[in-house]
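Work through the exercises below with the coordinates open. Each task is followed by a stepwise solution.

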Amino acid sequence: MNDKTAIQSAKLRQLLSVSKVSLIASISLALFLAYMQQAVVSSASFIVWGSLMVLASLLRAALVYAPKHFDVDYDANVHLWKFRLGVIVAGAVWGSAGFLLYPDNHPQHVMFLIFVLGGMTVGGVASFSADLISAVSFSVLLCLPITVRLFVAGDGLSASMGMAVLLYLGFMIMILRRISRNVYENISLRLEAAAREEKVREGKERYRLLLAHLPVGIFHFDTDLVITYCNERLAAMLRSSVERLIGLDMKLLKEQAILPSLRKALQGEMGYFEGHYLATHSEADGWAYITCAPFHDGSGAITGGIAIVQDISERKLAEDKIKNLAFYDPLTELPNRRLLLERLHHALASSARSNKEGALLFIDLDNFKALNDTLGHDMGDLLLRQVAQRLNSCVHADDTVARLGGDEFVVMLEDLGGHGLEAAAQTEAIGERILDALGRPYQLVAHEYRCTPSIGATLFCGHRLEKEELLKQADIAMYQAKKAGRNTVRFFDQLMQDAVTARVVLEGELRGALVKRQFHLYYQIQVDQMRRPLGAEALIRWIHPERGLISPDLFIKLAEETDLILSIGHWVIDAACAQIKAWQQNVLTRNLALAVNVSARQFRQADFTAQVQAAVQRHAISPVLLKLELTESMLLDNIEETIKTMQALKEIGVQFSLDDFGTGYSSLQYLKRLPLDQIKIDRSFVRDIAADTSDREIVGTIIAMAQNLYLDVIAEGVETEVQRQFLLGNGCTQFQGGLFGNPVPLEQFEAMLKQE
Ligand code: C2E
Ligand code: MG
Ligand code: MG
């Protein structure tokens with residue numbers, strides 16, 4: 001319906017609403033007028049007017065009671081014109097009374113006629129004010145005939161009355177126009193208001209439907225982060241109800257991670273959150289993407305925020321699934337080749353930064369095909385799963401165990417301590433652990449199955465080699481392990497391989513050496529300025545049945561790394577004490593002190609003091625004759641603990657010498673705090689005394705410093721008379737070195753003493 005039609009309908013409705021009353025009033029007045037005028041007008045005029053009035057009333061009644069639905073444009077217009085027709089007819093019939101019911105020579109009846117017609121005009125104008133055409137035509141048709149008749153009457157009074165009626169009519173029409181305009185505006189406003197109301201209602205309904213059926217959760221919150229509205233979808237996502245959620249103070253949420261994005265909205269910005277959520281009122285959880293926007297009131301102030309919550313759990317699940325498929329082996333759930341290469345890429349970068357080595361172990365099961373062929377693929381799969389579990393148990397959680405496919409696995413080790421050989425040794429040890437773990441029997445349903453792996457290893461440090469190249473190296477090494485008879489570890493690098501093999505052999509032999517009594521102590525004499533023997537340093541030698549004499553430089557480090565030094569060191573102290581005891585029995589040797597080298601690992605043992613004390617007591621020796629040689633670096637490690645141990649040992653009565661002095665930190669500060677008896681100038685300074693002025697200076701300074709601290713000072717590695725003279729000239733009075741005697745077995749040492 002357009003505006004014009006709507007207004008016409010409204011007019012019509014208004015006209016019809018009063019037309020019953022006006023029709024009744026019109027009929028009543030007509031009857032009354034007819035009654036009053038019948039005696040003073042001709043009966044012909046009376047009958048004509050009466051008949052016209054009856055017809056006009058019938059016509060109007062028919063129109064008033066006609067159907068009142070004007071939905072169609074055409075209807076409203078047509079009905080309005082029909083109504084006007086009725087009004088015009090009624091106006092004309094009423095107007096005709098001005099002629100037909102005008103009584104000559106009965107001024108009172110004329111007055112009555114004018115009075116009735118005036119009243120009808122006022123009533124008509126009031127009833128039809130909604131439609132200007134109806135109202136004007138009614139009043140004009142009603143008043144004009146009587147006016148004309150009054151003028152025709154010719155007398156002054158009648159003319160004046162006619163004039164008054166005319167003025168009255170003009171005035172009426174002017175007022176009518178205004179009333180009609182007001183009515184028109186009124187109707188328009190009412191229609192507009194109704195239309196606006198309808199629009200608001202529609203908007204509200206649309207919004208409600210949208211919120212209720214949107215696939216996202218929505219909530220509004222105030223500046224205190226309290227939920228003021230939420231939709232059903234949000235309640236469903238959180239397995240809660242709208243009633244429970246409204247009023248919820250989000251500052252108390254179980255999942256606090258979303259709060260910053262909500263607060264951002266309260267600061268006037270858009271806030272976003274993507275992550276895992278945990279419902280506060282229920283066990284519901286999932287992944288959500290939340291968008292938060294500020295909510296402004298009419299003045300622009302922020303009164304809260306609106307958040308849209310998308311449940312992205314399914315997407316996350318799908319992503320995880322894709323990631324799993326892309327990066328993990330579905331059978332063993334181990335990383336696949338792609339993930340291994342990615343991790344290797346990171347490992348190379350971090351190794352370049354830290355300068356720590358890493359290793360790849362390429363593992364292939366021996367004779368796996370035979371298992372598949374005999375027991376079937378199901379059993380093969382079962383074995384691979386068990387192998388995966390065992391591999392994982394052999395390495396740290398940070399290391400990577402991957403399956404390349406078939407029966408090929410790769411273990412990637414990172415952050416191996418030390419360099420080269422040491423890293424190789426660690427890799428070898430883990431390789432051995434894997435050999436052992438995978439070599440144990442498997443329970444494949446009812447079958448007990450045995451299988452061994454062949455392992456190829458390669459080390460990496462930084463980006464020296466490409467990822468693929470490294471894998472290839474480990475693969476080649478694995479084939480070498482196969483060639484070497486399987487069930488073994490092989491390194492890619494032959495030199496590395498040799499060194500690792502040699503080390504493994506040495507370690508094995510070193511383990512047996514103590515029991516087989518292959519260790520011996522050699523003695524190197526220490527003398528005073530008059531070359532009189534003061535004692536000796538006990539230096540260990542390994543007399544190998546095939547390789548002969550092995551120097552400590554070749555095995556002490558390995559012994560330290562494998563902790564074998566603990567039992568070896570224990571034996572050395574015991575043997576030294578036994579020797580002191582033996583010397584104490586002889587006048588020639590009873591004052592000789594014996595210096596013993598002590599390793600850091602050995603010194604750090606909790607019961608080291610007790611061990612020394614037990615040896616001293618077991619052999620009943622004078623403890624001052626036992627001198628423990630420590631090195632600077634080992635002392636600095638944990639200075640407080642060191643001082644404690646040294647003091648405890650001092651209480652027993654043993655002596656301390658600081659070996660290889662000058663090669664370490666030589667910090668005066670700690671030298672002062674340590675209960676030392678002697679400083680031993682390292683042989684590297686002594687060696688170059690003749691040639692190097694700075695070494696001369698260093699040696700001079702060390703001696704002066706020792707004297708300042710009231711410490712004995714002994715020079716080791718003295719080979720020439722020139723060296724001895726220089727040392728002596730600078731105040732050093734004790735010497736050890738080739739010039740006086742090399743380390744020799746006991747018999748030779750004692751024979752040498754006797755010669756002097
Ligand atoms: P060190 O304690 O500094 O021992 C002195 C080393 O200098 C000995 O080497 C000795 O043979 C050598 N030497 C002595 N005089 C001269 C000389 O005039 N010229 C030259 N060039 N060298 C001389 P050795 O016996 O090979 O011992 C090497 C290192 O092994 C020792 O250095 C010590 O740190 C360690 N060591 C030896 N025996 C033991 C032991 O029983 N336990 C422990 N933990 N370490 C030991
Ligand atoms: Mg020494
Ligand atoms: Mg030394």
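Which pocket is the space taken by ligand 1? The space taken by ligand 1 is the largest pocket. A pocket here is an open set of points on a 1 Å grid over the protein atoms alone, with protein on both sides within 12 Å along at least five of seven lines.

This is a predicted model, in which local features need pLDDT of at least 70, side-chain atom pairs count only at pLDDT 80 or more, and totals for chains, interfaces and linings use all residues. Residues are numbered from 1 along each chain as its sequence is written, chains are lettered from A and ligands numbered from 1 in the order in which they are written, and side-chain values use heavy atoms, with hydrogens and water left out.

**Exercise 1.** Describe the shell around ligand 1.

Step 1. The ligand is surrounded by 23 residues (a heavy atom within 4 Å), with Gln524, Asn597, Asp659, Arg683 and Glu719 the closest.

Step 2. By class, nine of the shell residues are charged, seven polar and seven nonpolar.

Step 3. Strand E14 (533–544), helix H17 (552–561) and strand E18 (655–661), elements taken from DSSP runs (helices at least four residues, strands at least two), each supply at least two shell residues. E14 gives the largest share, four residues.

**Exercise 2.** List polar contacts of ligand 1 (N or O atoms within 3.5 Å).

Step 1. A side-chain N or O atom of Glu719 is 2.6 Å from a nitrogen atom of ligand 1.

Step 2. For Arg683, a side-chain N or O atom is 2.8 Å from an oxygen atom of the ligand.

Step 3. Glu716 has a polar side-chain atom 3.4 Å from an oxygen atom of ligand 1. Of the 790 Å² of accessible area (Shrake-Rupley, 1.4 Å probe) that ligand 1 has on its own, the protein covers 82%.

**Exercise 3.** Assign the protein donors of both magnesium ions (N, O and S atoms within 2.8 Å of the metal, or 3.2 Å for Na, K and Ca).

Step 1. For ligand 2, the donors are Glu537 (OE), Asn597 (OD1), Glu629 (OE) and Asp659 (OD), at 2.0 to 2.3 Å. Their sequence spacing is E-x59-N-x31-E-x29-D.

Step 2. For ligand 3, Asp659 (OD), Asp660 (OD) and Glu716 (OE, listed twice) lie 2.1 to 2.5 Å away. Asp660 is in strand E18 and Glu716 in the loop between strand E20 (712–715) and helix H26 (721–729), so this pair ties together parts 56 residues apart in sequence.

Step 3. Asp659 bridges the magnesium ions, ligand 2 and ligand 3, which lie 4.1 Å apart.

Note on methods:
A polar contact is a pair of N or O atoms within 3.5 Å; within protein, one must be able to donate a hydrogen and the other to accept it, and residues adjacent in sequence count only if both atoms are side-chain atoms. On a 1 Å grid over the protein atoms alone, a cavity is a set of points where a 1.4 Å probe fits but cannot get out, and a pocket is an open set with protein on both sides within 12 Å along at least five of seven lines; lining residues have an atom within 4 Å of a point. A molecule sits in a cavity or pocket if more than half of its atoms lie within 2 Å of its grid points. Ala, Val, Leu, Ile, Met, Phe, Trp, Tyr, Cys and Pro count as nonpolar, Asp, Glu, Lys and Arg as charged, and the others, Gly among them, as polar.
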